[in-house]
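These notebook entries record what I looked up in one structure, element by element.

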Amino acid sequence: MALPVEEWRLCAARRWAALEPALRERLEVASLHDMVHLGCDLLRPEVEVAVLLRLCRRARTGKEPEAARFYREEGNRLFGRRQYGAAVRLYSQVALWSPQAASHEVPGSPDVSICFANRSAALFHLGHFEVCLEDIARAESHGYPDRLLPKVLLRKVECLLCLGRLQDAADTLSVVENKIGVDGNVTSPTHQTVLKKLHQLKDKIREGESCPEPAQEACADIQRKSEIWEENASISGASSSLSLKFDRERGRHLVASQDILPGQSLLKEEAFVSVLCPGENFHLQDSSETAWDTQVTNADLYCHCCLRQLLASVPCCGCSYAKYCSQNCADMAWEQYHRTECSLGALLLTLGVFCHVALRTVLLAGFAEVSRLVEWSHDGVKDLHNPEARFRILGEAPDTTAGTRGIPGCDGDGQYHSSYQAVFNLLPHAEKHSPEHKFLCLLSVVAICKQLQEAGLEAAVLNQKSSEKGSKPNMCEETLGELSARMKTLAGAMLRHVLQLQCNAQAITVMQELGSGDGAVVKKKPVRLATAFFPVLSLLNHSCCPNISVSFSGTAVTVRASQSIPSGQEIFHCYGPHHCRMRVAERQQLLSQYFFECRCQACLDELESDVKSVMSTRNSFCCPSCHAPMQGEDVLCCSEEACAISVSRESLSRRLGDLQQQVNMALELLRDRKADQAIRMLLKCQMDARSFLSPEHLLMGEMEDHLAQVYATLGKWQEAARHLERSIKIVEMHHGPSSVEIGHELFKLAQVLFNGFAVSEALSTIQRAEEILSVHCGPQSTQIQELQEMKTCLSDLPRSILQR
C-alpha cells in the first residue's frame with residue numbers, strides 16, 4: 001500500500017475542504033518549504049490526531065503474549081502433522097510476538113527458548129542443519145530449561161554429524177554425558193530414550209560416520225559464466241558503454257556510447273533505500289476482531305533489511321513487525337534506521353509505504369546532508385511553478401564542452417553517484433500534483449515528524465545521540481507541539497521524497513512460487529516485494545517498447561540489454577505495461593501518473609494506424625455464431641457482413657469475468673489436491689471460452705498453462721507438455737519469441753520434458769530457454785542454474801539413451 005489508508009485520505013480531504021479559502025490558495029502556490037511552515041499546525045488533536053490514534057490501534061505492531069500463545073499452539077499442531085515448513089513459520093511468529101524475545105543482549109525466558117528449540121526440530125527435519133544449529137544456540141542463550149537440554153544437544157550432535165564436523169560432534173556429546181551424569185532420575189522413560197540416542201550417536205562418531213546431506217542443501221557443481229564488466233568512470237554502477245546526457249525535452253537520460261549486444265549488463269545498482277511492502281492484508285483490523293491467523297504475507301517471507309528470503313527469522317526486540325534473516329541484518333537495520341522507526345510501526349503502516357520510504361531516506365542520509373541540500377534548494381529557487389527558474393536549478397546543460405558538470409545530481413567533478421544528492425535531485429513535480437494530494441502528503445509527514453519529536457526521538461533523528469533499544473512510545477494522546485526548526489527541515493525533505501516517489505519509485509519484484517512448491521513443475525509469478533529509490537536507474541526514460549530487461553537480487557538491481565542497441569541510441573525502461581500487454585489508450589491512462597504523455601515509437605505507430613493493433617485483436621471477443629472477430633465499442637457486431645449478430649460489450653465482459661472466476665475455482669481444487677475435478681472444470685471452461693473469445697486470447701493460453709500444471713501433478717508428462725506447447729504459442733504471439741514471458745514458459749516445458757524423460761526434446765528446450773533467460777535474468781540466475789543442472793543430468797546419460 002503506497003499511499004495512506006482510505007480513512008486517513010478521507011480525513012485529510014475533509015480537512016482541506018474546511019480550510020479558509022485564503023489559506024488554501026497560499027498552500028496551492030507555496031514551495032514545499034513554505035507548505036511545511038504553513039501546514040505544520042493544521043493537525044487538530046480532537047480530529048486528525050484522534051483519527052490517527054484510532055487507525056494506529058488497528059495496526060497491531062507491539063508484543064502480545066496472546067498472539068505468541070496462539071502461534072505456539074498452531075505450530076505444535078502442524079509439527080505433529082509433520083508439516084515442518086509451516087511449523088517453522090509459526091514458531092517464528094511466536095518469537096516475534098513474545099515480549100520476552102528481547103535481544104541477544106538481554107536474557108529471554110524459558111517460553112521463548114522452547115520456541116527456538118521447537119523451531120530447531122522442524123528445521124532439522126527439513127535438512128537445514130546450519131540454521132538448526134543457530135536456533136539451538138538461541139534456545140540456550142534464552143535460558144532453555146536445563147532438564148530438557150540433553151535432548152536439544154543431541155539434535156546438535158546430529159546436525160554436526162550431518163555437516164561432517166565430527167570433532168565438534170564429539171565435544172558436544174561429552175557435554176551431554178556430563179549433564180546426564182548429574183541427573184539423578186536415570187530410570188525415567190525420557191532419560192532412557194536420551195541414553196539410547198546418545199549411544200547410537202557415540203557409535204557413529206567412533207566409526208567416523210556422517211549423515212548424507214539432503215538434496216536441498218547439496219551444491220551443484222555448475223560452472224558459472226562470468227560477465228564481462230567495465231564500470232563507467234562518471235556514473236556509479238553503470239557500464240562504460242553508457243553516457244549521461246541532458247536536454248530540455250528529455251531531461252537526464254542515458255545513451256549507448258558504443259554498440260551493445262543483447263544480454264550485456266548495463267547497470268548494477270544497490271538501492272539507496274528500500275522498504276518491504278507488507279501486503280494489503282497484513283494490518284488494520286478492528287480491535288474487536290482477532291489479529292491472529294496463519295496467513296503468510298511478504299512480511300513473513302522476506303528479510304526487512306536485505307530482502308532475502310527468510311527461513312528462520314530473527315525478530316526485532318521492540319516490535320512485532322520487523323524480522324530479519326540474521327542477527328547481522330537485525331543489528332545493521334537497528335543502527336541505520338530501525339532504532340527510530342521501531343516505535344512508529346503502527347503509524348508507518350497506516351500512512352503507507354511512500355511515507356515510510358521518505359522517512360528511511362532521510363535517516364540513511366543523515367540530518368547534516370539533508371539540511372545542506374534543503375538549504376541549497378532554498379537558495380537556488382523560490383518558485384517551483386516558474387519553468388525558467390526550475391530549469392536554472394536543474395542545471396540546464398551549459399554546453400557540449402562542459403560534459404556532465406551542472407547536470408542535476410552530479411557533483412562538482414561531473415560524477416553521478418548513487419547518493420542522497422542524486423535522490424534529492426529527482427524531480428518531485430510539485431507543481432503538477434493536485435493540491436489535495438500534496439496536502440495529504442503534508443499532513444502525513446508532519447504527523448510522523450511530530451510523533452518523532454513527541455516520543456523523544458528528535459535527537460536521534462538529528463544524529464545527536466542514540467535512543468534506548470526497545471523503547472516503545474506510542475502516538476501521543478495529547479496535543480502535538482510545535483515542530484522545531486530542524487524537524488521542519490526534515491519534514492520538508494520528506495514531503496519532497498513522498499512526491500518524488502510517484503514518478504521515481506521502483507518496485508522491487510521477485511518470482512514467487514505458487515502453491516507448496518513441492519511439485520515436479522514449479523509455477524511462479526512476479527510479485528511486488530518492496531519500494532525503493534534507485535538514483536541511477538531513475539535516469540532511464542520510459543518507452544512502452546523498452547530495449548532493456550530489469551532483474552533484482554535482494555536490494556540490488558541489474559539492467560541488461562534485451563536487444564541490440566546501436567551507439568547513440570537512448571536506453572529505455574518501461575514504467576508501466578508493455579505495448580504487447582495493453583492498448584495505447586489504456587497504457588496512456590496508466591502512465592498519466594508520471595505527468596507525461598507517452599510519445600514512444602510503439603504509441604505513435606498505434607495512434608497513427610487506422611487499423612486496431614494486433615494485440616487488441618488477439619485479446620478480442622469473437623462471434624458466438626461464426627467465431628469471426630467482433631467489432632465496435634459499447635455494442636459489438638460481427639465483422640462478417642453475412643452475419644448479423646450483435647452483442648453488448650458489457651454482457652461479454654461479464655461473461656469473461658464469470659469465466660475467470662471458474663478458472664480460479666479450478667485452481668483452488670488443484671491446491672486442495674483434487675486434480676481430477678480441476679481438470680474437468682478447466683476443460684469445461686475451455687469449451688465455454690471458445691464460444692466467445694478469440695483463439696489467441698491470453699486467457700486461452702492461461703488455461704492451457706493451468707491444464708499443464710494439473711497433468712504434471714498427476715505425472716502425465718506428455719499431456720502436460722502438449723498443453724504447455726499450446727500455451728507457448730499464444731504467449732509468443734503476445735510477447736514475442738525472445739520475451740522473458742516465453743523464457744518462463746520454456747523453463748516449465750523443460751521441467752515437464754525432463755521429468756517425462758523426453759531427452760532430446762528436453763535438451764533442445766533447455767537450450768532455447770537458456771538463451772532467452774540469460775539475456776533477461778543473467779547467467780547466474782536461479783532458473784539458469786536449474787536448467788544447467790537438468791542439462792548436466794541428461795548429458796551424463798548413456799549414449800544409447802540419448803540417441804533414442
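**Entry 1: a helix and its surroundings.** I began with helix H15, where 12 of the 13 residues are buried, so the helix is largely enclosed by the rest of the structure. I note at the outset that the model is predicted. The buried residues of H15 run from Val353, Phe354, Cys355, His356, Val357 and Ala358 through Leu359, Arg360, Thr361, Val362 and Leu363, with Ala365 also on the list.

I then checked the length of H15, residues 353–365. At 1.5 Å a residue its 13 residues should span 18 Å, and the end C-alpha atoms are 18 Å apart, so expectation and model agree. Just after the helix, I recorded a positive phi of about 90 degrees at Gly366.

**Entry 2: cavities.** I searched next for enclosed space and found five cavities of 30 Å³ or more. The second largest holds about 150 Å³. Which residues lie closest to its centre? Of the 17 that line this cavity, they are Tyr321, His338, Glu341, His356 and Arg360. Two of these names, His356 and Arg360, I had already listed among the buried residues of H15.

I asked which elements each supply at least two residues of the lining of the second largest cavity. They are strand E4 (273–276), helix H13 (327–341), helix H14 (345–351) and H15. The largest share, four residues, comes from H13. Sorted by class, the lining of the second largest cavity comprises 11 nonpolar, four polar and two charged residues.

**Entry 3: a strand and its partners.** I turned to strand E11, residues 556–561, and found it mostly covered, with five of its six residues buried. Strand E3 (residues 265–270) is joined to E11 by five bridges, and the two run antiparallel. As one point of register, Glu269 has Val557 as its bridge partner in E11.

E11 also pairs with strand E10 (residues 548–553), in the antiparallel sense and over six bridges. Here Ser553 is bridged to Ala556 of E11. I looked at the connection as well: E10 and E11 form a hairpin with two residues between them, and Gly554 in the turn has a positive phi of about 65 degrees.

**Entry 4: positive phi outside glycine.** I looked up two residues that take a positive phi without being glycine. Arg82 has a value of about 65 degrees and sits in the loop between helix H5 (65–80) and helix H6 (84–97). Is Arg82 buried or exposed? Its relative accessible area is 67%, and the cut-off for exposed is over 50%, so Arg82 counts as exposed.

Phe757 has a positive phi of about 60 degrees. Its place is the loop between helix H29 (740–755) and helix H30 (759–777). At 46% relative accessibility, I entered Phe757 as partly exposed.

**Entry 5: a histidine in a helix.** I closed with His437, which is found in helix H19 (residues 435–454). Its relative accessible area is 16%; since buried means under 20%, His437 is entered as buried. What does His437 touch, not counting residues up to four places away in sequence? I found contacts with Leu3, Leu499 and Gln502.

Definitions and conventions: Residues are numbered from 1 along each chain as its sequence is written. This is a predicted model: local features need pLDDT of at least 70, side-chain atom pairs count only at pLDDT 80 or more; totals for chains, interfaces and linings use all residues. Side-chain values use heavy atoms; hydrogens and water are left out. Buried means under 20% relative accessible area, exposed over 50%, partly exposed in between (1.4 Å probe, protein chains only). Two strands pair if DSSP finds at least two bridges between them. The expected span of a helix is 1.5 Å times one less than its number of residues. Contact means heavy atoms within 4.5 Å. On a 1 Å grid over the protein atoms alone, a cavity is a set of points where a 1.4 Å probe fits but cannot get out, and a pocket is an open set with protein on both sides within 12 Å along at least five of seven lines; lining residues have an atom within 4 Å of a point. Grid points are joined across faces, edges and corners, and a volume is the space filled by probe spheres set on the points. Ala, Val, Leu, Ile, Met, Phe, Trp, Tyr, Cys and Pro count as nonpolar, Asp, Glu, Lys and Arg as charged, and the others, Gly among them, as polar.
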